[in-house]
Amino acid sequence: MDVLYTIFIDPFVQMAEAPDFLLQVVWEGFVAGILYALIALGFVLIYKASGVFNFAQGIMVVFAGLSLVGLHEMGVPALLALIMAIGVMAILAICIEKFVMRPLVGQPDIILLMATIGMTYFLIGLGEFIFGGEPKQMITEELGLPTGSTAFEMDNGGLVILQHIDIAAAVIALIMVGGLAVFFNRTRIGRALRAVADDHTAALSVGISLNQIWAIVWFAAGIVALATGIMWGARSDVSFALEIVALKALPVLILGGFTSIPGAVIGGLIIGIGEKIGEIYWGGLVGGGIESWLAYMIALIFLLFRPQGLFGEKIIERI
Amino acid sequence: MFYRETGQFKTSYTADQQIFPIRQDRIGVAIILAVALLVVPFVANEFVLSAIVIPFLVLALATIGLNILTGYAGQLSLGTGGFMGVGAYACYKLVTIFPDVNVIIHILLSGFFAAAVGVVFGLPSLRIKGLYLAVTTLAAQFFLEWCFIRIPWLYNYNPSAAIEVPGKTLFGVLITGPAASGVARYFVVLAIVIGMTLLMKNLIRGRIGRQWMMIRDMDIAAELMGVRPLIAKLSAFAVSSYICGVAGAMFVFFYLGASEPAVFSITLSFQILFMAIIGGLGSLVGSFFGAAFIWILPILLRVWLPAMGFDIGAEAIFQMAQIIIGALIIFFLIVEPHGLARLWAIGKEKLRVWPFPYA
Amino acid sequence: MNMNSMLAGTLLAGLAASFAAPALAADSVYIQLPTYRTGPYAGSGIAIANGMSDYLKMINARDGGVNGVKIEFDECETGYDTQKGVECYEQAKAKNTLVFNPWSTGITLQVIPKSSVDKIPVLSMAYGLSAAADGTTFPWVFNPPDTYWDALSGIIKYIGEQEGGMENLDGKTIGYIFLDAGYGREPIPLLEDLASEYGFEVKQYPVAGKEMQNQSSQWLSVRRDRPDYMIMWGWGAMNPTAIKEAVKNRFDMSKFIGVWWAGGDDDARAGGAGAKGYKAISFNNVGADYPALQDIKKLVIDADNSETPESQLGENLYNKGVANAVYMVEAIRTAQEETGKTVINAEDMRVGLENLELDEARLEEIGLKGMISPMKITCKNHSGHNPIFVQEWDGEKYTPASDWFEPMTEKVTPILMEASKEYATSNAPWPEREEPCPE
């Protein structure tokens with residue numbers, strides 16, 4: 001019975017006893033979820049437009065962040081460095097389209113997936129070659145992002161601490177999602193994008209340039225990567241270890257569906273908050289550190305019941 | 001001109017169905033085996049054996065294991081590293097629990113533990129496939145990695161969470177542990193890899209292998225023709241994980257010599273997936289090509305780049321090698337998406353009709 | 001086909017040739033330095049690699065080597081990856097390295113069993129397997145000046161002093177945040193022993209290698225559990241992230257103590273002003289004012305013969321790299337004295353390491369008096385349990401926060417001897433020491 005108590009009752013007692021702490025946990029989960037969602041957003045953009053599962057999104061985050069910080073270290077003012085970093089992502093997008101996507105058009109998914117993994121190797125090598133392997137500090141203040149924190153005293157004497165940078169991350173993520181939604185639904189290019197996503201050949205036949213669209217999509221994913229790099233870099237450091245964190249976007253995509261932008265956001269939040277609560281209230285029972293696989297397990301269980309994700313199109317073939 | 005089967009008549013079904021129906025192929029394989037058995041051990045020094053050839057053979061075996069699952073049965077897996085780890089830890093436990101049994105038997109047995117774990121994590125494949133399945137195998141990978149460090153029983157409560165390989169003998173010759181010579185380990189590894197490859201070749205040619213390929217090519221049609229997806233998919237997971245488990249045990253026992261949980265990380269899974277894809281999915285000889293490409297080429301680059309006069313630091317060479325490998329992966333995917341095995345087949349075809357462009 | 005196998009044959013032969021021992025000048029010795037300037041742990045690895053190679057370059061430039069014998073060296077990039085570690089080790093072996101510095105706990109564990117067979121001494125300075133300090137069981141492995149268990153006992157001793165005596169540790173809670181790998185796991189048995197002895201409670205916060213930059217759950221748990229002190233066993237990108245999270249969660253930095261590998265300047269700098277007061281235990285001082293370091297600046301960095309940015313000279317991890325090189329150079333010198341040869345080999349190097357003694361006078365001569373403490377390795381004791389001290393981050397650099405003091409050797413030795421015995425049994429047949437230690 002003790003076992004059942006510690007699993008099913010005790011965690012909830014803990015939550016009820018320290019609501020301020022629960023609030024903090026949920027907030028931290030929320031912020032982590034926003035960051036997962038940003039990475040997932042990059043995946044979704046590319047998957048939607050070209051059906052490529054872009055494994056290189058993680059390294060693009062690192063590469064974008066490194067370009068920004070690296071340029072600043074070379075003496076470029078922060079805002080100019082930001083613009084130049086956007087430029088770097090644009091060049092990268094054009095190169096990827098020209099040298100990888102175009103020659104591989106029409107290949108099976110797994111080949112395209114492999115090509116993005118090849119790109120990951122390439123970019124890791126290139127990034128370390130140019131900028132060196134040491135972690136770099138994000139230029140948070142120079143970019144005009146808020147630092148510091150606000151603490152809210154609770155009735156029971158507890159504290160809930162909100163980092164300004166986290167709030168900024170949430171706001172920026174919201175703006176990006178909103179902007180992308182408007183872009184997809186209201187602009188000419190956005191409509192073309194959706195047409196390409198629906199059917200490549202049909203889109204081609206009505207005069208949409210596939211190459212141009214792909215370059216634009218990769219560029220958009222690059223900008224999302226830059227935003228992610230700045231936010232995550234401000235939380236820890238810009239280093240190549242970040243690339244692995246990006247794998248967390250996979251369960252997020254499973255939850256949200258591979259093609260849905262709101263799905264990426266909601267999936268990110270579910271994973272972020274779920275794994276924090278799981279780790280803090282249940283993780284201790286098995287020695288902690290379950291965060292490394294909990295998200296995947298949540299996704300796995302979810303898949304068994306709803307294989308197309310929360311908002312995904314029903315593309316999965318059932319057997 | 002030299003490579004032509006004209007005049008080689010088959011007079012029985014057995015002869016027609018043999019693994020290498022063309023005489024030149026048989027001669028070629030015999031030469032390769034002769035080189036592997038008689039030349040490599042005497043020419044290669046300790047470095048080439050321990051750091052290049054042995055890991056190459058072990059990784060090629062793991063690639064065959066993944067190829068069974070991904071190449072033949074069409075189920076994408078990112079959990080190879082985890083399954084290899086299960087084999088390695090199982091073998092370590094077996095060796096400590098039954099120290100008197102021969103280590104080769106342990107290595108062959110340890111694959112069954114990996115197979116059991118593989119079947120459990122293969123269950124979702126009955127409902128999902130493609131990238132979604134990849135995520136479930138990723139769950140297996142991360143969960144197993146966590147187990148390797150969180151279950152101290154697995155590493156006999158070693159304070160460093162490491163497993164170490166005791167010295168074991170075969171026919172009186174030391175084959176594991178630090179004192180075992182490279183040549184002894186090489187022969188054992190070679191024997192196991194050849195044996196396993198032959199076994200797999202026959203499995204794939206047989207009923208079960210054909211079922212896997214049917215499931216891969218079109219599962220619904222396969223089901224209509226009487227293939228049971230449950231059996232076919234789970235058997236693919238079992239066989240694949242068995243091979244990976246054996247390879248994992250060999251990785252620690254014959255190559256690394258001691259290991260920590262980080263060895264069986266996601267990086268290893270990716271490495272092997274690369275080998276399978278670059279080599280060619282659904283090809284056994286491709287598994288060897290892929291392993292050679294991904295394992296040997298970077299080492300050669302790291303050795304030869306400085307020799308070619310690039311006077312740069314060790315880390316710059318490392319990075320250059322990585323850039324070149326990345327670019328080559330993309331290049332090969334563009335030139336031949338079906339991998340090196342396909343290039344090999346095209347080359348053979350060209351040789352057959354040479355000097356004419358068409359047969 | 002035929003062509004192919006011939007090609008393979010020539011390729012192998014060529015390969016074999018390219019790894020044959022390099023033709024060294026008659027008066028030089030070769031050392032390979034496995035380093036990592038890439039990968040997730042590069043943040044810690046680069047400074048160390050620079051420190052090691054700069055000191056060796058300086059010795060070659062200033063003194064023309066050790067007693068006229070030049071030290072040839074090159075780096076081998078491991079990326080902190082055990083697979084590459086094997087490759088580097090085999091390469092080092094083929095090129096007859098004098099000594100192997102794995103610079104990774106995982107790689108150390110791998111090469112320890114090989115070292116006695118290949119007769120290459122392994123110098124794992126203050127890392128690797130703590131039990132290897134037992135020279136009777138591990139004649140080929142050296143981990144001076146202190147083991148991880150010394151570090152932990154030193155930290156506990158320091159905490160006890162802060163609390164006004166070891167008896168006041170009773171009822172306290174000490175949190176232990178660590179990299180969830182062999183490295184971070186090793187101190188746990190001793191930590192638990194000490195906890196039951198002094199009556200404090202231990203809370204463990206493991207950080208998985210791939211989650212190094214995502215530590216908010218760990219630090220939320222810290223906030224909930226309110227430990228009185230935090231001890232950190234971190235490396236690479238884990239350290240700056242942990243310090244940032246600690247600042248964010250308003251943990252009292254003066255009660256946050258890292259092991260020496262969590263004492264990088266960049267690690268603490270990441271925490272900004274809030275990181276002031278962060279502590280790390282250390283076996284070396286920081287600063288570039290020591291004569292030897294000035295020589296490095298003059299002869300190596302200013303001569304544009306180094307990858308070191310000038311600001312890095314004298315930083316904590318850089319000086320640790322220098323210390324590692326000092327041990328190597330001094331061991332070569334000792335080996336030359338002991339054997340009477342000038343060009344020594346790896347087996348002589350082991351003799352040198354085993355008789356290595358750096359007293360105040362010798363440190364003064366080297367020009368590093370005060371940077372590292374005097375130390376001595378004996379046949380039986382390959383670590384020495386030498387004095388250590390606590391450093392404090394003042395916002396710009398580390399400053400000493402305590403005097404040099406002895407770790408709790410009496411607590412460490414029994415558990416160490418037991419562990420080394422266990423290692424030998426689980427790796428049976430473990431080779432006996434060839435020549436017994438003099439009594």
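In this predicted model, K279(C) faces E392(C), a residue of strand β12(C). The two strands around this pair are β9 (residues 279–282) and β12 (residues 389–393) of chain C, which run antiparallel and are joined by four bridges. Strands of a sheet pair through backbone hydrogen bonds, either parallel or antiparallel. Both β9 and β12 belong to an open sheet of seven strands in chain C, which can be followed in the order β6-β5-β7-β8-β9-β12-β13, with mixed pairing. At its edges lie β6 (201–207) and β13 (398–400) of chain C, each of which pairs on one side only. From one strand to the next, the twist averages 30°. Helix α8 (residues 216–225) of chain C packs on this sheet, where it touches β5 (173–179), β6 and β7 (229–233) of chain C. The direction of α8(C) makes about 165° with that of β6(C).

Turning to chain B, a pair of helices can be picked out. Helix α11 (residues 266–279) and helix α12 (residues 284–307) of chain B have axes that come within 7 Å and cross at roughly 125°. Because of that angle, α11(B) is oblique to α12(B). The crossing of α11(B) past α12(B) is right-handed. On the α11(B) side, the residues that meet α12(B) are Q271(B), F274(B), M275(B), A276(B), I278(B) and G279(B). Their partners in α12(B) are G286(B), S287(B), F289(B), G290(B), A291(B), F293(B) and I294(B). Sorted by class, this contact holds eight nonpolar and five polar residues, with no charged residues.

Chain A offers a view of how two chains meet. Its contact with chain C takes 28 residues from chain A and 30 residues from chain C. On the side of chain A that touches chain C, at least two residues each come from α2 (19–50), β2 (159–163), α10 (242–245), α12 (261–282) and α13 (291–305) of chain A. Of these elements, α2(A) gives the largest share, five residues. This side of chain A is made up of 11 nonpolar, 10 polar and seven charged residues.

An unreviewed UniProt entry adds a further layer to chain A, annotating "transmembrane region" at residues 21–45, 52–72, 78–99, 111–131, 161–184, 213–232, 252–273 and 280–305. Two of these spans can be looked at in the model. Residues 21–45 of chain A are 100% helix and 0% strand, and the C-alpha atoms at the ends of this span lie 36 Å apart. Residues 111–131 of chain A are likewise 100% helix and 0% strand, with end C-alpha atoms 30 Å apart.

Methods:
Residues numbered from 1 in each chain as written. Chains lettered and ligands numbered in written order. Predicted model: local features only at pLDDT ≥ 70, side-chain atom pairs only at ≥ 80, totals over all residues. Contact = placed C-beta atoms within 7 Å. Nonpolar A, V, L, I, M, F, W, Y, C, P; charged D, E, K, R; others polar. Axes fitted to C-alpha atoms, helices over the stretch in contact; angles between N-to-C directions. Parallel < 35°, antiparallel > 145°, perpendicular 65-115°, else oblique. Left-handed = near helix turned anticlockwise from the far one by under 90°. Pairing = 2+ DSSP bridges. UniProt positions renumbered as here; feature names shortened; annotations may be inferred.
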